[in-house]
Amino acid sequence: MPLASGRTLFLVGTAHVSKRSIEDVATVVAAVEPDGVCVELDAARHRNLVDPDSWRRLDIFKVLRDGKAALLLSSLVMASFQRRIAKELGVEPGAEMLEAVRQAERREIPVHLIDRDIQVTLRRTWARLGFSAKLKMAWELFGSLFATADIDEETVERLKEEDLGGMLETLAEAFPQVKSTLIDERDIYLAEQIHRAPGERLVAVVGAGHVPGMLRRLEELERGDQPRDLTELETSPGPSLLPRILQWAIPGAIVVLLAIGFLRGGLESSATSVALWIGITGASAALGAAVALGHPISVLTAFAAAPFTSLHPLLASGWFAGLVQAWVKRPRVGDLESLPDDITTLRGFWRNPLCRILLVVALTNLAGSIGTFVAGGFIAARAL
């Protein structure tokens, strides 16, 4: 399509696990001889594609300290589903994007990374979900580990023609309330980035599901619409007011209930309530760590930490259990190298030390949260 100032854009819609898409990219770039190639990648995904060994340099302790365990785990789960399909088709996920990058490098023309940071997309998506929808999404993601990939390339191409793209687009179908962050915002972001890219002739390689929305936005820009300020779309939202209130209100309510129990029943009754709190929260968190096949020391850490972290909104028992798991079973280089293959099977996902650390964090936190509500209910019943 023609762009402003006489520029021309060749937009290639692809399926992310299709051999035919790789061929399409190579053919278009060779025929067009563009001044630049735009790819639907952010800096992190580009680095992982062009440098598969980047996993070797992953600092799992930094991931845990920065509170990014859940984001990394969700990214791996989504990658797991896509890699299983790709394995059946004999093609690496993102191979068409890598082909576009290689074609540009051979011709010594610039590559423009036009997608938004995947972590920003996931954070903005998570913020739009209500509590029940968050549970449903977590269940859908977890359930995808058990799904069997039974799909052929003809099916992939049909999905491509029907304007469906990768795993994010699949999630958008299951959760319409977050379509704006998973699809619509990224359509705008991709189109705006292409509009800003230099060069008279551009080739842009994107998932087919983004093509209709991108074309609409590009046409608006060509008609003179003002470019969007992308800062807002690149901002990760903070927690809304209600969750922030509940973070402090729930621990506060537990403390108040314990105090009421002490005033009404005396020291013995209060000691029983405290014992219930320690036993239920600790056992719940320990069970989560055990389900993740955490090391016994990690399970004990989860048990010991949960009664205290449950009363502090800025701490989580899963963080402590995960750090201990990373200390006693630190992933080796070979474990990180095998990660792309391990995540294609449920057994491999659970056995890989990196994945297991993330599972210890996630399942300990989930089970600990459930234990907090159960223990709180028992304490409330005794106090009131």
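**Briefing: sheet, cores and surface patch**

Four strands form an open sheet in the order β1-β4-β2-β3, and their pairing is parallel. The edge strands, each paired on one side only, are β1 (8-14) and β3 (111-113). On average, neighbouring strands of this sheet are turned by 20° against each other, direction ignored. The model is predicted. Besides the sheet, it has a largest nonpolar core of 29 residues, another core of 16 residues, and a nonpolar patch on the surface.

**Strand β2 and its partners**

- Strand β2 covers residues 36-39 and is joined to β3 by three bridges, the two strands running parallel.
- Two of the residue pairs between β2 and β3 are Val-39 with Leu-113 and Cys-38 with His-112.
- Strand β4 (residues 201-207) also runs parallel to β2, and four bridges join the two.
- Val-37 has Val-203 of β4 as its bridge partner.
- Both faces of β2 are covered. Gly-36 and Cys-38 are buried on one side, and Val-37 and Val-39 are buried on the other.

**Nonpolar cores**

- In the largest nonpolar core, the residues that touch the most other members are Ile-60, Leu-64, Leu-76, Phe-349 and Leu-358.
- Two or more residues of this core come from each of α3 (60-65), α4 (69-89), α12 (241-291), α13 (296-309), α14 (317-328), α17 (346-351) and α18.
- Helix α18 gives the largest share of this core, with eight residues.
- The 16-residue core lies apart from the largest one, and its members include Val-29, Ala-100, Ile-109 and Val-205.

**Surface patch**

- The nonpolar patch on the surface is formed by Leu-135, Leu-366, Ile-370, Val-374 and Phe-378, which together have about 450 Å² of accessible area.
- Helix α18 (residues 353-383) supplies four residues, the largest share of the patch.
- Leu-135 lies in helix α7, which spans residues 131-144.
- Leu-135 has a relative accessible area of 45% and is therefore classed as partly exposed. This value also meets the patch cut-off, because patch residues need over 30% relative accessible area.

**Helix α18 in both settings**

- Helix α18 gives the largest share of the largest nonpolar core and also the largest share of the surface patch.

Note on methods: Residues numbered from 1 in each chain as written. Predicted model: local features only at pLDDT ≥ 70, side-chain atom pairs only at ≥ 80, totals over all residues. Heavy atoms only, no water. Patch = residues over 30% accessible without salt bridge, like charges linked within 9 Å, V, L, I, M, F, W, Y side chains within 5 Å. Areas by Shrake-Rupley, 256 points an atom, 1.4 Å probe, with all protein chains shown as cover. Salt bridge = Lys/Arg side-chain N within 4 Å of Asp/Glu carboxyl O. Buried < 20%, exposed > 50% of the residue type's maximum accessible area, 1.4 Å probe, protein only. Pairing = 2+ DSSP bridges. Axes fitted to C-alpha atoms, helices over the stretch in contact; angles between N-to-C directions. Core = buried A, V, L, I, M, F, W, Y, C linked by side-chain atoms within 4.5 Å.
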